[in-house]
Amino acid sequence: MSVLVYVEQAEGKFKKSVFEAVSYAKAIADQQATSLTAISIGDVAESELKELGKYGAAKVLNVSADQLKSFVNQAYASVIAAAAEKEGAAIVVLSNSFSGKGLAPRIAVKLKAGLADGAVELPSTDGKFAVKKTAFSGKAFAITELTSANKVIALNPNAFGVKENATDAVIENFSADIKQSDLGTVIKDIVRATDKVSLPDAELVVSAGRGLKGPENWGMIEELAGLLGAATACSKPVSDADWRPHSEHVGQTGIAISPNLYIAIGISGAIQHLAGVSSSKVIVVINKDPEAPFFKVADYGIVGDAFEVVPKLIEALKAHKG
Amino acid sequence: MKILVCISNVPDTTTKITFTNDNTEFNTAGVQYIVNPYDEIALARAIELTEGGKGTVTVINVGEAANDPTIRKALAIGADDAVRVNAAPRDAYFVAKQIAEYAKDKDFNVILTGRESIDYNGNQVAAMVGEFLDIPSVSIIKKLDIDGDTATIEREIEGGKEVLTVSGKFVASCAEGVAEPKIPNMRGIMSARTKPLAVVEAVAIDEVTKVTKYETPAPRGTVKLIPADQTEQLINLLHSEAKVI
């Protein structure tokens, strides 16, 4: 028996959110007094697989079959479920990433397991295996008990943090039978904006709303985000008007994020927007309307015109960085 | 082409979320229910893909009779018929099992859901239905085109997008970009009253999850206001006090 964590790779590398999932799974393995096994699928160098040991993975199952080089959730779910059975793992952990969201439910059905997705804390250890997860788009949390014997948990990015727990990871090759029918989706192209920080797992986010008046004014938002190493985001009216892509829309009907710092510029803070960002650790609001509802949930605020404040903020940040 | 669209009955987006019974139940008092906004996107695309006699759209909901007005709304938007599986939706696993049971011998070419419901934010049902039916599923799609037996799909990935194709039957969960939600017109609203809404009974299934309690986020302290001409003070606070930069 062990805990199994799926480590999602992108172009042969693991991201911070993966190390976070490994750290979280290691803490669960400690709760259960067992060891942690990771499973990686696709082309990953041994040195990169070894990195997983740093966060507590005692064993790494490396799956490198040709037909699994690119992501197919059906086949990946089959392999991960087979690995869980082989390892006797009753608990499977993964990141609640875009791919994780397509994968976790399939693994759960294969293992007849309850699934807690959007987990933000370790499971309770008071006899009930209950996981705190986000609900009502950030307006609440649901403490969800996984009552089945097998359990699957998808961890929200930035919820647990990366924790070092050095072990020397043993790497084993692993293979499982893949049915042809498991390979129904075929990837034709992957487009990544390499110069941008990915929004869902960004630690810092600079977001702007209708107060910016038009898409031509986003230059200063991009500059501020660039200086901070932050991702850019926007409110719903902005993406609805096609000033910015839908993938940047945060809020109840966009994506929910929980960065360490969320800077909202020219966003009034409608309840639907707040739902998607309220679990940010620190919120800064810049708005010329002192009555904007966003100030009620902000940690720091500046009442002022974005077109005056943001350039000054950029200057101050440049000075700070020397 | 036959398309099945799965819809959830969820609290309106402006709802203030509160709980009763020692925070173990969602407080439904005064709550207005709507078709889950993402499911409306899925429905709109299904209608576009079948327009002009190219196919039919069936909507399915797992819920009790109180959901019927929400289902009628989907019919008013343009679905051809509807099915309600008569059971309280326990969790995504339960809902997906019911949908799969209904769909397994109905020959739907495509099954669509919204990317997540705005109450439990699961994004579980689509992939679970795919697994129960042993057909491909694609989660959080931004674009969907169907040409004959092959669908071309764009799905969101961290920092970009992935373009993929799938042949034969599949399930997909739709996000913004797939279609613009449609507003029902008067003719749609009138015809929705007489469109078929079948009620089927649920199949039994073991419980796998149970919500034991709800919590609301801890309130934040009062905002610390910084004068507009002292942005360097904000940078200092973020660096030394909040320690986030």
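## Contacts and the model

Two residues are said to be in contact if their C-beta atoms, placed from the backbone, lie within 7 Å. The structure described here is a predicted model, and the sections below move from a pair of helices to the domains of chain A and an annotated stretch of chain B.

## A helix pair between chains A and B

Helix H8 of chain A, which covers residues 306-321, packs against helix H6 of chain B, which covers residues 231-241, and their axes lie 8 Å apart at an angle of about 55°. An angle that is neither under 35 degrees, nor over 145, nor from 65 to 115 counts as oblique, and H8(A) and H6(B) are therefore oblique to each other. The crossing of H8(A) past H6(B) is right-handed.

On the side of H8(A), the residues that meet the other helix are A:Val309, A:Lys312, A:Leu313, A:Ala316, A:Leu317, A:Ala319 and A:His320, while H6(B) contributes B:Thr231, B:Glu232, B:Leu234, B:Ile235 and B:His239. Sorted by class, this contact of H8(A) with H6(B) holds 7 nonpolar, 3 polar and 2 charged residues.

## The two domains of chain A

Chain A is assigned a domain 1, spanning residues 2-183, and a domain 2, spanning residues 204-321. Taken over C-alpha atoms, the centres of these two domains of chain A are separated by 32 Å. Their contact involves 7 residues from domain 1 and 9 residues from domain 2, and the side belonging to domain 1 consists of 1 nonpolar, 5 polar and 1 charged residues.

## An annotated stretch of chain B

For residues 23-209 of chain B, an unreviewed UniProt entry lists "domain: Electron transfer flavoprotein alpha/beta-subunit N-terminal". Over residues 23-209, chain B is 28% helix and 33% strand, and the end C-alpha atoms are 17 Å apart.

Definitions and conventions: Residues are numbered from 1 along each chain as its sequence is written. Chains are lettered from A and ligands numbered from 1 in the order in which they are written. This is a predicted model: local features need pLDDT of at least 70, side-chain atom pairs count only at pLDDT 80 or more; totals for chains, interfaces and linings use all residues. Domain bounds come from an automatic or database domain assignment. Ala, Val, Leu, Ile, Met, Phe, Trp, Tyr, Cys and Pro count as nonpolar, Asp, Glu, Lys and Arg as charged, and the others, Gly among them, as polar. UniProt positions are given in the numbering used here, feature names are shortened, and annotations may be inferred rather than shown by experiment. Helices (H or I, at least four residues) and strands (E, at least two) are DSSP runs, numbered from the N terminus. Axes are lines fitted to C-alpha atoms, for helices over the stretch in contact, and angles run from 0 to 180 degrees between N-to-C directions. A crossing is left-handed if the near helix is turned anticlockwise from the far one by less than a right angle, and right-handed if clockwise.
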